[in-house]
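Trainee: Please choose one part of this model and take me through it closely. I would like to see how it fits with the rest of the chain.

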Amino acid sequence: MNIVFLVIGIILSTASKWLQIEGQSEVGDFLVFPAAFFLALALLFSFPFFKEWWDDPSLRPKAYRFAGLAAGGVLSFQLFAWLLFGQGEWIGSTFLIPFLICLYFVIRTFK
């Protein structure tokens with residue numbers, strides 16, 4: 001399953017960069033977010049502990065929670081970086097708060 005997520009993430013990331021460089025399109029800026037989401041899922045499915053959670057029906061809710069929090073954290077961090085460094089908006093710093101909250105719950109779920 002991680003190969004599927006990895007391929008989708010790479011295609012979206014490549015399309016994003018191509019649109020940003022060649023087309024000067026803002027669509028390329030927004031394609032970064034689903035690319036980061038799919039790359040995070042590909043990374044999760046490469047970990048043995050996550051595969052074990054996913055394969056065991058009793059632990060699957062834990063896998064869903066872990067994946068949702070990890071993806072939410074990645075997207076929050078991506079928004080932070082895009083707004084602060086890409087757009088020069090200091091309001092992007094507020095997206096560090098949901099990132100840290102997701103990180104806290106990811107660590108708690110992992111224990």
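Mentor: Accessible areas here come from the Shrake-Rupley method with a 1.4 Å probe, and for residues only the protein chains shown count as cover. This is a predicted model, in which local features need pLDDT of at least 70 and side-chain atom pairs count only at pLDDT 80 or more, while totals for chains, interfaces and linings use all residues. Residues are numbered from 1 along each chain as its sequence is written, and side-chain values use heavy atoms, with hydrogens and water left out.

I will take helix H4, residues 60–86, after a short look at the whole. The protein has five helices and zero strands (helices are DSSP runs of H or I, at least four residues; strands are runs of E, at least two; both are numbered from the N terminus). Read along the sequence, the pattern is α-α-α-α-α. The C-alpha trace spans about 45 × 30 × 15 Å along its principal axes. The protein exposes about 7,000 Å², and carbon and sulfur atoms supply 72% of this area. Of its 111 residues, 31% count as buried (under 20% relative accessible area; exposed is over 50%, and partly exposed lies in between, with a 1.4 Å probe and protein chains only). Contact means heavy atoms within 4.5 Å. Among contacts between residues at least 6 apart in sequence, 51% join residues at least 24 apart.

Now H4 itself. The helix has 27 residues and reaches 37 Å from its first C-alpha to its last, close to the 39 Å expected; that expected span is 1.5 Å times one less than the number of residues. Its buried residues are Ala63, Phe66, Ala67, Leu69, Ala70, Ala71, Gly73, Ser76, Phe80, Leu83 and Leu84. An α-helix has 3.6 residues a turn, so residues three or four places apart point the same way. The buried residues of H4 pack against helix H2 (26–44), helix H3 (48–55) and helix H5 (96–110).

One residue of H4 to look at is glycine 73, which counts as buried because its relative accessible area is 5%. Leaving out residues up to four places away in sequence, glycine 73 touches Phe99 and Cys102. From its C-alpha to that of leucine 83, 10 residues along the chain, the separation is 15 Å. After the helix comes glycine 88, with a positive phi near 75°.

H4 also has a part in the largest nonpolar core (a set of buried Ala, Val, Leu, Ile, Met, Phe, Trp, Tyr and Cys residues joined through side-chain atoms within 4.5 Å). Of the 14 residues in this core, Leu44, Phe50 and Phe66 touch the most other members. H2, H3, H4 and H5 each give two or more residues to it, and the largest share, five residues, comes from H4. Leucine 44 shows the link: apart from neighbours within four places in sequence, its contacts are Phe50, Phe66, Ala67 and Ala70.

H2 is one of the partners of H4. The end C-alpha atoms of H2 are 29 Å apart, which agrees with the 27 Å that its 19 residues should span at 1.5 Å a residue. Among its buried residues are Gly28, Leu31, Val32, Ala35 and Leu44. The buried residues of H2 pack against H1 and H3 as well as H4.

The contacts with H2 can be followed from H1. Serine 16, in H1, is buried at a relative accessible area of 1%, and it touches Gly28, Leu31 and Val32, not counting residues up to four places away in sequence. Glycine 9, also in H1, is buried because its relative accessible area is 0%. Neighbours within four places aside, glycine 9 is in contact with Ala35, Phe38 and Leu39. Isoleucine 11, another residue of H1, counts as exposed because its relative accessible area is 54%.
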